[in-house]
Amino acid sequence: MTIRNLDAMFAPGSVALIGAREKAGSVGRVLLRNLTTSGFAGPVWAVNPHGGDIDGMEVYRDIASLPEAPDLAVIATPPRSIPALISELGERGTQAAVVITAGFGELGAEGHELEAQMLEAARPHLLRIVGPNCLGTMVPGVGLNASFAHLPPLKGDIAFVSQSGAVVTAVLDWATSRGIGFSHIVSLGGMADVDFGDMLDYLAHDPKTHSILLYIESVKDARKFMSAGRQAARLKPVLVIKSGRHAAGAKAARSHTGALAGSDAVYDAAFRRAGMLRVMDVDDLFEAVETLSTRPEKRPITGDRLGILTNGGGLGVLATDYLMDLGGHLAELSPGTIATLDKVLPATWSRGNPVDIIGDAGADRYTASMGALLADKNIDALLVINCPTAVVDNVSAADAVADAAETSRKPIVTSWLGDQGAQGARRLLLGRRIPTYDTPSQAVHAFMVQVEYQRNQRLLMEIPPAGPSLPQRDLQAARAIIETALAEKREWLSEAEAKSLLAAYGVPIVETRIVDGVASAVACAEEIGYPVALKILSPDITHKTDVGGVVLDLENAKAVEKAATAMLAKIGKAMLTARLDGFTVQHMVSKPSAFELILGIIDDETFGPVILFGHGGTAVEVVKDKAMAMPPLNRVLAEDLIRTTRIAKLLEGYRGRPPADFDAIALSLMALGDLAADNPEVAELDINPLLADHDGVVALDARVRIKPARGIGTERFAVRPYPGGLESELHDRHGTAYPMRPIRPEDSTLIDDMLAHTDPEDLRLRFLSPLRRLPRQLAARLTQIDYDREMAFVVFSDETRSEVAAVGRLSEDPDRERAEYAILVRTDKHGIGMGYALMKHLIHFASERGVGEIFGHVLRENRSMLALCDDLGFTRHSFEEPSLVEVRLPLTLPPK
């Protein structure tokens, strides 16, 4: 389930409290007080087996006695009673319940069984459950306070969803003191049913919610979370704080990738891929609430060049230091700006950024300075600092800053220092939705958080450029390697097998030969040529260097013989139980200007396969310069992963060292995504080092751990990869076949070409307005689709696939109850039945997906589309826009 019946949870017409109590201070009493004193317009009924009344309010003895079925039930009764209560409520017609009670999944096997019984009781009735073990839910806009929180929230446009009730009350207390309100506050607790994915889906389309803040301890359904998160983040700011950053889960990992990964690093990658912004601690959480309350999306940040305006020079310098620490840039004032400021400021002003306008600066000086700075094209945003002085009124200065900010298209953050003396100015700024912070460092941090958020947003909308494509993979060879190792019940591939697996996906490798003894090692070295590298071959030794199992730069046969003999003796003595199967021999690669990198795969328990990139070599776990990303990767995502690390700067070249081949590195990362998709048995993979220089890349060493697959194909992926199995052909009415496949992000230029060769009238009928070229943001949205929730098929004019003839699209709602279609056929392909065939394909695809109904909005004058829909069995319905007709086609599931 996703958003089904959540309207009953957050906008109910009636509420019943099961477990109301008269005892002062009890949870049942506080719940009843909050439900009846927060302005809820509908009836609230109290239920307790003892009946009677509470402060004159009738208490019903059981659910059956209620006047009618409540839309929402709030339950605070002992755990064992809840499955039966849920069943009874569902039978009466209740659609949603908030289970306050603890004592379920958090208490072991018995609690898990009770939770399963509760869900089983809800399932036949599609009754949705928030909780158990939660604080409750609050929707100030409808006067709903179904919680035992100590304060009622103010009305606002921030939605706050948290697994922790304690964090909710802390944020609520803090926000109320600052006049910050919320559209929704939801304590999810144990997340037996409603989880973060459901809430993101619901809030993404809630018009009263302008931003979303999440406090996450864990995610249950990774793919639903990622799909919902990506959709929500395209529409409004989504910020997240994740606890448990230093979990010890990586300790047992046996590969470098596993040791470097850690569950928190994977969550970080997931948030970044979804377009969310992560904040790190409670201070950041409060700061984020304050930032979101000012609607920062109205003035989006376009860069990290900050101007600083202050009446105290020292604080401007401190703010600059902190900006540099966080990777921001101090804006360089243009000569014109300096000239303008010379005219309006005292001669003693700083004549640079930070702009120190001197301690006696009043409102007029702030106004004049801000006008000049905001007009400077070198400044992306402005920080305004005020230190308390006895000679000026800081409230009037704040009022002047707010006036200037309201007419500016650039974002402004402020910091009015002090305590009691600053309260009036801060209230004024917040009341006018100007971000203000207690200290300049907090303000700078808030600015950089927004810079990072905008970077994530741009990444969501970035269109991959055309470039070198991945080589054709040898799937048969890859599967043979994996299946042989599984049949032999081995956990690790040999080095030679691991490299052969990489080679099957086009990753360049060094030829590695296996030999069974000292003499054969010498013979092999003679054959391939010196110098050579010699490594021990053992299924029981993962990190060969650590035990003396690697010797490099062996120049002759005598050196090989000596090294091999010594290696066997040393390892045999140190690791008595290790199986020593021989050696591997490979020619030494000479790449003096190459960088050592690490690339890897880890199969995370929650998010499935994750790709790692970083600074490689023997000190990889000491350097800890790495980043992770969720596959599948395209060129943009791969390059972003690279540039997230510190070594990225070195890869650009320095002091005569040529830059590395970024394309080759990116292709290797993309290849690992394909490898993970095709081989669900791969649990961990290391390439360390991958040598990268201006001539390309080569994998010197690799290790791969396998285990029986825990999912079919790409089911484990949190982001569904490109569904290659849907590639097929479309036949027109003459029987001519046209290649057809799901859309890819890099198809944007092909779509633009199609639009350029389509009649303007056809475009108007499709897009409901004339359009000759897709705006970049729309192009990204239409080509970078979530294959788990929507589908677009491109039909090519011929086998060259250089020209798109038609596009058909389906967009599902989260529950797959309905899917909206859209079709565009290039004008010169009209009249051959291509649109009809494409529509039939969309219908068949939606039916197989289990969609309940296809619908579309068609201009009344678009007679050909309306006739096509009539012919296929669609029915016509009026729409709120008189010029449009809604056409609908109920679907039946295909036979199994």
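**Strands, rings and odd backbone spots**

The structure holds eight aromatic pairs, and the model is a predicted one.

Biologist: Let's start with the rings. What kind of pair do Y267 and F271 make: stacked, edge-to-face or tilted?

Modeller: Their ring centres lie 5.9 Å apart, with the planes at 45°. Stacked needs under 30 degrees and edge-to-face needs over 60. An angle of 45° fits neither, so the pair Y267 and F271 is tilted.

Biologist: And how far along helix α8 are Y267 and F271 separated?

Modeller: Both residues belong to helix α8, which covers residues 256-274. They are four residues apart there, so the separation comes to about one helical turn.

Biologist: Is Y267 buried or exposed?

Modeller: The cut-off for buried is under 20% relative accessible area. Y267 has 6%, and F271 has 1% and counts as buried too. With its 6%, Y267 is buried.

Biologist: Which residues form one aromatic cluster with Y267 and F271?

Modeller: Y267 and F271 do not stand alone, as they belong to one aromatic cluster. The other members of that cluster are F225 and F607.

Biologist: Which residue has its charged end over the ring of Y267?

Modeller: A charge counts as sitting over a ring if it is within 6 Å of the ring centre and within 35 degrees of the ring normal. Over Y267 there is a charged end at 4.5 Å from the ring centre. It belongs to K242.

Biologist: On to Y366 and W416. How many residues apart in sequence are the parts that this pair ties together?

Modeller: The two rings form a tilted pair, 6.1 Å centre to centre with 35° between the planes. Y366 and W416 are both buried. Y366 is in helix α12 (residues 363-374) and W416 in strand β19 (residues 412-416), so the pair links parts whose separation in sequence is 50 residues.

Biologist: Now for the strands. Which strand forms a hairpin with β25?

Modeller: β25 (residues 595-604) has nine of its 10 residues buried. It pairs in the antiparallel sense with β28 (residues 682-693) over seven bridges, and eight bridges join it, also antiparallel, to β26 (residues 608-615). With three residues between the two strands, the hairpin partner of β25 is β26.

Biologist: What is the bridge partner of I602 in β28?

Modeller: β25 has bridges to β28 and to β26. In β26, the bridge partner of I601 is I611. In β28, I602 is matched with E684.

Biologist: Which residue lies over the face of F595?

Modeller: The distance to the F595 ring centre is 3.9 Å. That falls within the 6 Å allowed for a charge over a ring. The residue over F595 is R657.

Biologist: How many of the residues of β33 are buried?

Modeller: In a regular strand the side chains alternate between the two faces of the sheet. For β33, one side carries E790, A792, V794 and F796, the other M791, F793 and V795, and both sides are covered. The count of buried residues in this strand, residues 790-796, is seven of seven.

Biologist: What is the bridge partner of A792 in β34?

Modeller: β33 pairs antiparallel with β32 (residues 737-742) over three bridges, and there R741 stands opposite V794. Seven bridges join β33 to β34 (residues 804-812), again antiparallel. In β34, A792 is matched with R809.

Biologist: Where is H445, and which residues does H445 touch?

Modeller: H445 lies in helix α15, residues 440-461. Its relative accessibility is 16%, so it counts as buried. Leaving out residues up to four places away in sequence, H445 touches D284, E287, Y322 and L326.

Biologist: Time for the backbone. In which element is P689 found?

Modeller: The peptide bond from N688 to P689 is cis, with omega near 5°. Another cis bond runs from N353 to P354, and P354 is in the loop between α11 and β17. P689, by contrast, is found in strand β28.

Biologist: Is R816 buried or partly exposed?

Modeller: R816 is not a glycine, yet its phi is positive at about 55°. M191 has a positive phi too, near 50°, and is buried at 1% relative accessible area. R816, in the loop between β34 and β35, has 26% relative accessibility and so counts as partly exposed.

Notes: Residues are numbered from 1 along each chain as its sequence is written. This is a predicted model: local features need pLDDT of at least 70, side-chain atom pairs count only at pLDDT 80 or more; totals for chains, interfaces and linings use all residues. Side-chain values use heavy atoms; hydrogens and water are left out. Buried means under 20% relative accessible area, exposed over 50%, partly exposed in between (1.4 Å probe, protein chains only). Two strands pair if DSSP finds at least two bridges between them. Contact means heavy atoms within 4.5 Å. Rings of Phe, Tyr and Trp (its six-membered ring) pair if their centres lie within 6.5 Å; planes under 30 degrees apart count as stacked, over 60 as edge-to-face and the rest as tilted.
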